[in-house]
Amino acid sequence: MINLRGITQIYPGPQGPVEALRGIDLHVTPGEVFGIIGRSGAGKSSLVRVINLLNRPTSGQVMVAGRDMTQLSDADLRAARREIGMVFQHFNLLSSRTVFDNAALPLELAGMPRAEIKKRIDPLLDLVGLAHLADRYPAQISGGQKQRVGIARALASNPKVLLSDEATSALDPETTRSILDLLRQVNREMGVTVVLITHQMQVIKQIADRVAVIDAGRIVEMGPVVDVFTRPQQDITKSLIDEIVPQELPAGVLARVRSLAARLEPGASGQLLRLSYAGEHAYEPILSHLIRELGLDLSILHGQIDEIQDQTFGSLAVYASGNMARIGAAIDYLRANGVVVRTVEVTG
Ligand SMILES: Nc1ncnc2c1ncn2[C@@H]1O[C@H](COP(=O)(O)OP(=O)(O)OP(=O)(O)O)[C@@H](O)[C@H]1O
Ligand SMILES: [Mg+2]
């Protein structure tokens, strides 16, 4: 659906050129929710604005629905943009227009007759849950409701793609959840491909199928959300995930590991393990196997079980003690059963 190849974006700046994008290759498949996450200044907005050519890239190719956007005439570009809706962080509503008229704006600009506009916008306001507020003005509705207007407006011209640039960043967590649910519904029921930009892993966790991590104008990590959560590779990814799954263990846990290590029987070994898994695996039978069959002692020190969309996602810290070779066998067994295992050395 969207194919970016070798995208660079260089802005002129007072202190010289700013390289906002440094060679981005990205492929978004039809019907998916693709998340792009990164810290402030990483290049997220620059990237999303390249997709509908709100920003013309300095170099590279932008293919959307089979068309090379950079090669289109102005008229063809306007037509192509109708197939790409966009939702903004600060809603960008016109204060002098009602909810209905804000949502209808793209159709008015395209010259659609009023009766047809109504036929299109009424069901959209229904979809976003605002039919009863159609005659209100932006000043008379909440932030979450404003974003619903923004979504209805973005969907007005029946786009194939919806771009969302921090659409929930100005909203509280509960409203964020309801807006993300709405975007997911639009994706599933209308088949709209969604590209969503955020700085919050919570947002990625709730809605994205795949995620790309962008840092200093480059994509540094990309994959299905569950994979990236269970096996983050880059430090930046780990620090972003930290918001949901603490990557560092609390000091109290480390102190317990030291005291367990100090009490090991002569000849016994101990190893702190961080385990994570996703999907239908359950820890319990796997851990009891380790205790029963390998004769290890396991102390569960820390952990949480969460959901990524419909998948269970767990993370545990355990201290295994016993025969050193058996600890090695336990790690192999865990890995063979789909658990991601990291060994952690505790010093001091
Ligand atoms: N129009 C512009 N002119 C010059 N530099 C710009 C322009 N727009 C963005 N930049 C610079 O490009 C880099 C990437 O900016 P961008 O807005 O894409 O980041 P972002 O990831 O969206 O950040 P945020 O999370 O704060 O919105 C930053 O260093 C920014 O200062
Ligand atoms: Mg931005």
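Helices and strands here are DSSP runs, with at least four residues for a helix and at least two for a strand, numbered from the N terminus. With that settled, α1 turns out to give the most to the shell around ligand 1, contributing 3 residues. All of this comes from a predicted model, so the values below are computed from its atoms.

As for the rest of the ligand's surroundings, the shell consists of Y11, P12, V18, A20, R39, S40, G41, A42, G43, K44, S45 and S46. Besides α1, which spans 44-51, strand β2 (18-28) also supplies at least two of these residues. Sorted by character, the shell comes out as 5 nonpolar, 5 polar and 2 charged residues.

Several polar contacts can be picked out between ligand 1 and the protein, and each uses an oxygen atom on the ligand side. The side chain of S46 puts an N or O atom 2.6 Å from a ligand oxygen. The backbone joins in too: a polar backbone atom of G41 sits 2.8 Å from an oxygen of ligand 1, and for A42 a backbone N or O atom is 3.2 Å from a ligand oxygen. On its own, ligand 1 would expose 630 Å², and the protein buries 58% of that area.

Next, the aromatic side chains. A pair of aromatic rings is described by two things, the distance of the centres and the angle of the planes. How many aromatic pairs does the count come to? The tally is 1 aromatic pair. The partners are F229 and F313, with ring centres 5.8 Å apart and planes at 85 degrees. Since planes over 60 degrees apart count as edge-to-face, that is the label this pair gets. F229 belongs to helix α8 (residues 225-230) and F313 to strand β13 (residues 311-322), so the contact ties together parts of the chain that are 84 residues apart in sequence.

Are these two rings' residues buried or exposed? F229 has a relative accessibility of 3%, so it counts as buried, given that the cut-off for buried is under 20%. F313 also comes in at 3% and is buried as well.

Finally, a look at G16. This glycine is found in the loop between β1 (2-11) and β2. Its relative accessible area is 25%, which makes G16 partly exposed, as values between 20% and 50% fall in that class. Along the chain, G16 and I219 are 203 residues apart, and their C-alpha atoms are separated by 23 Å in the model.

Key
Residues numbered from 1 in each chain as written. Chains lettered and ligands numbered in written order. Predicted model: local features only at pLDDT ≥ 70, side-chain atom pairs only at ≥ 80, totals over all residues. Heavy atoms only, no water. Near = heavy atom within 4 Å. Polar contact = N/O pair within 3.5 Å; in protein donor to acceptor, adjacent residues only side chain to side chain. Areas by Shrake-Rupley, 256 points an atom, 1.4 Å probe, with all protein chains shown as cover. Nonpolar A, V, L, I, M, F, W, Y, C, P; charged D, E, K, R; others polar. Phe/Tyr/Trp six-rings, centres within 6.5 Å; stacked < 30°, edge-to-face > 60°. Buried < 20%, exposed > 50% of the residue type's maximum accessible area, 1.4 Å probe, protein only.
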